[in-house]
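Please open the model in your viewer, with the sequence panel beside it, and keep both in sight during this tour. Each stop says what to select and then what can be found there.

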Amino acid sequence: IDYSACAPAGVVLPIETLITGPSGAKSFVRHIDRRLVRSSLTWTPREGGRHTVVVREVGHNRWWGRLDVDVDGELLEDPEP
């Protein structure tokens, strides 16, 4: 994750990461970093299709980034254990 455009003060914590898959709530992931700014992001998709990844400052709404990732395949994980 590149925060170089977050000028002049840089990125401000907390940082929220939201990952939404094509089925919405079933594949939704939310994580908030309160102490450390991540330099990379890794997750395992549960289904194929377009996933949207958003990284943003919480409360300040100044800096955010979005990435759309297309995952090949069908359902990658059984929804009922």
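How much space lies in the largest pocket? About 290 Å³ of space lies there, where a pocket, on a 1 Å grid over the protein atoms alone, is an open set of points where a 1.4 Å probe fits, with protein on both sides within 12 Å along at least five of seven lines. The volume is the space filled by probe spheres set on the points, which are joined across faces, edges and corners.

Before selecting anything, please note that this is a predicted model, in which local features need pLDDT of at least 70 and side-chain atom pairs count only at pLDDT 80 or more, while totals for chains, interfaces and linings use all residues. Residues are numbered from 1 along each chain as its sequence is written, and side-chain values use heavy atoms, with hydrogens and water left out.

**The whole chain**

Begin with the whole protein, coloured by pLDDT, which is the predictor's confidence in each residue, from 0 to 100; the mean is 86, and 91% of the residues reach 70 or more. In a cartoon view you should find zero helices and four strands, where helices (H or I, at least four residues) and strands (E, at least two) are DSSP runs numbered from the N terminus. Confidence is highest in strand β1 (residues 15–21), at a mean of 94, and lowest in strand β2 (residues 24–33), at 87. The C-alpha trace spans about 45 × 20 × 20 Å along its principal axes, and of the 81 residues 25% count as buried, a word that here means under 20% relative accessible area, with exposed meaning over 50% and partly exposed in between (1.4 Å probe, protein chains only).

**Strand β1 and its partners**

Next, select proline 14, in the segment before β1, and look at the peptide bond that joins leucine 13 to proline 14, which is cis, with omega about 0°. In general, most peptide bonds are trans.

Move on to β1 itself, where six of the seven residues are buried. β1 pairs with β2 in the antiparallel sense over six bridges, and two strands are said to pair if DSSP finds at least two bridges between them. A hairpin of two residues joins β1 to β2; select glycine 21 and you will find glycine 24 of β2 opposite, while threonine 17 faces histidine 31 of β2 in the pairing.

Now add β3 to the selection, since there is a second pairing to follow: β1 and β3 also run antiparallel, joined by six bridges. Isoleucine 15 has glutamate 57 of β3 as its bridge partner, and threonine 20 has threonine 52 of β3. β3 is mostly covered too, with eight of its 11 residues buried.

**The lining of the pocket**

Return to the largest pocket and show its lining, meaning the residues with an atom within 4 Å of a point. There are 18 of these residues, and Ile1, Asp2, Val55, Trp64 and Gly65 lie nearest the centre of the pocket. β3 (47–57) and β4 (64–75) each supply at least two residues of the lining.

Select isoleucine 1, which is found in the segment before β1. Why does isoleucine 1 count as partly exposed? It does so because its relative accessibility is 39%. Isoleucine 1 touches Arg38, Ser39, Ser40, Leu41 and Val55, leaving out residues up to four places away in sequence, where contact means heavy atoms within 4.5 Å. Serine 39 is 38 residues from isoleucine 1 in sequence, yet their C-alpha atoms are 5.0 Å apart in space.

**A last stop in β4**

Finally, select leucine 67, whose place is in strand β4. Apart from neighbours within four places in sequence, leucine 67 is in contact with His51, Thr52 and Val53. If you draw a distance from leucine 67 to valine 11, 56 residues apart along the chain, the C-alpha atoms should be separated by 18 Å.
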